[in-house]
Amino acid sequence: MPSSTSPDQGDDLESCVLRFSDLDLKDTSLSDPSSCLKAELDHSTKKKYSFAKKKAFALFVKTKEVPASPFECKEKWWKCCQQLFKDQISIHRHVATQHADEICHQTASVLKQLAVTLSSSKGLKSADKRNLLKEYLTHDHEVSAWLPDISCFSPDKLIGGQGIDGGEVLLYYCYCDLQDPHWICAWQTALCQNLHLTGKVRIAKEGINGTVGGSKLATRLYVEVMLSCPLFKDYLCKDDFKTSKGGAHCFPELRVGVFEEIVPMGISPSKISYKKPGEFHKEVENFLTLANQEQSDTILLDCRNFYESKIGRFQGCLAPDIRKFSYFPSYVDKNLELFREKRVLMYCTGGIRCERGSAYLKAKGVCKEVFQLKGGIHKYLEEFPDGFYKGKLFVFDERFALSYNSDVVSECSYCGVQWDQYKLCSTPKCRQLVLSCPACRGQGFTACCVTCQDKGSRQASSPAQNSFKEECECTARRPRIPRELSLQA
C-alpha cells in the first residue's frame, strides 16, 4: 500500500525533480494522467516519480482521516465522497480508483516543491541535502504545535450546541504567499478534526479559502488560531470571517485540498478598490434614484452564477446568465463594450470572486473605475438586512440559502408562483438545482426539466439503465457565454 518512504539517493532525486518540474501536468484530457505521465520518464526518473506519488498519496489519505467511534479499538477512520472507510485497504482502494487526477496533480506539486528545496541547497553536502529533504517531508511533528489546547473543554462543548441557533458557519479567504501548501493542508485537516469542524478548505501557494461549520466554541477557537498563526496574522483580521447560523451538519464531510488557485479562474489578483457596506449602500441608492438607469455611467454587476442571483440580488443589477465563475472572463470579453467608460460596482457572496473578477475587468482598460463590495453580500446584509439586496443569499452547502428579509424574487419553474427554496433534481446523476413549489412537487414535478423527469421515470422502471449524462438537456441548451443586448437585459 502507498506510504511515505525516503528516496535512496538524494542526488538522483534532485536530478529527477528538476527535470520533472518542467513537464505540463495540467492536461485534463488524459484518461489516466498517472500512467500517461509516467510513460514519458526514463527508468531512473520513474523510480523517483514513484516515491513522489507515494508521498502525494499518503498526504491525500491523511486529509481524509476522522476520529473513529469511541467503541472501536482503532483510533481513526477515513471519510471521503460521503463514504466511511474503517480500514486502510478500503480507503486506499477508493483513492486509487476515484481520485487519480488529484493524486497526479499533488505528485507534481510535491516534485516541484522538492525542486525548490533542493535547488536552494546546492551548496550543501550530499548528506546535508538528504537531511534537508527529510526535514521537508516530515513536518508532521510540528502540526500538533499549531493546534489549540482543548483539554479544558469537554467533547460535548466542542460538538454540542449546533441546533438552529447554537452552531455557526464561517466563510473566509486570504491571499498570501504559502510556500508549503501541502503542510498547510495537513495542518488544516488536523485543526478542523480537532475542533470537529466540517466543510471545505481550498489551499494554494497564493493563499487559502475556507468555509467550515461547527459549534460556536469550535468556530471561535478556529478564528483565534488563524489570527495567531504567523502565516496569516499580518493578512487576516476578525472582520474577514463572515458568520451565519448553521453548524457541522451543513456539510456532508470535511474536505481539505491543495489546488492551483483558491478560486478557479486563471487570473492573478491585483490591487483592488473597495467600497465598505455603508459606502456601497449609498452608491446603490444614488444609482436607483436615477430616472433612466440605462443611461447611467454606473453598472451594478453581480459576479455570481445564475442560480445564485436567481433567488436573491441587488435591485437594478446586471446578473450574468453564466453557470460557472470560470466563464466570467469570457463573459467580459464578449460584452466588453457594455463596460466602456462605466463605473462598475461589483459584488459576490463573500468577496473572493470579486477579487478575481475586478482584476480581470480592470486589466481590460475600458472602465472608468472598478469597485467591489468589501466583505461581500454577507457583510452588507449584516449591516443592511432590509437594504437594497432583495431575496435570499445562496450558499454552497446543504442549506442552499440564507434568509435576511422576507422578499421572494424567484418563482416556481413549473407553475410560476413565488418560490425560492432549492432542491436537487430528483433524477440521479443530475446535480441541477430545482425551484418547484410544494403543490408542483406533490404532482411529481421534482426534476429540473421535462427531459430529466422522463429519464427519472424510465430509470425507476428499469434500474439497470444508466446512460444519461450528468449535464442535462436544459443545461446544454443554455448559452455558455451570453451576450447582453442592453443594461436592462
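How many salt bridges does a search of the whole structure find? The count is 16. Keep in mind that this is a predicted model. Here are my notes on a few of those pairs.

1. Let's start with E224 and R220, whose side chains meet in a salt bridge with an N to O distance of 2.9 Å. Both sit in helix α10, which covers residues 216-228, and they are four residues apart, so about one helical turn separates them. As for the surface, E224 is partly exposed at 40% relative accessibility, and R220 is also partly exposed, at 40%.

2. Next up is D333, which forms a salt bridge with K364; their closest N and O atoms are 3.0 Å apart. D333 belongs to helix α13 (residues 328-334), while K364 is in the loop between α14 (352-363) and β13 (369-373), so this pair ties together parts that lie 31 residues apart in sequence. D333 is partly exposed, with a relative accessible area of 39%. K364 counts as partly exposed too, with 33% relative accessibility.

3. Now have a look at E337 and R340. Their side chains meet in a salt bridge, 2.8 Å from N to O. Is E337 buried or exposed? E337 is exposed: its relative accessible area is 55%, and over 50% is what counts as exposed. Its partner R340, at 38% relative accessibility, is partly exposed.

4. Last one: which residues are linked with K275 in a network of salt bridges? They are E283, R343 and E369. Try picking out these four residues in the structure above.

Note on methods: Residues are numbered from 1 along each chain as its sequence is written. This is a predicted model: local features need pLDDT of at least 70, side-chain atom pairs count only at pLDDT 80 or more; totals for chains, interfaces and linings use all residues. Side-chain values use heavy atoms; hydrogens and water are left out. Helices (H or I, at least four residues) and strands (E, at least two) are DSSP runs, numbered from the N terminus. Buried means under 20% relative accessible area, exposed over 50%, partly exposed in between (1.4 Å probe, protein chains only).
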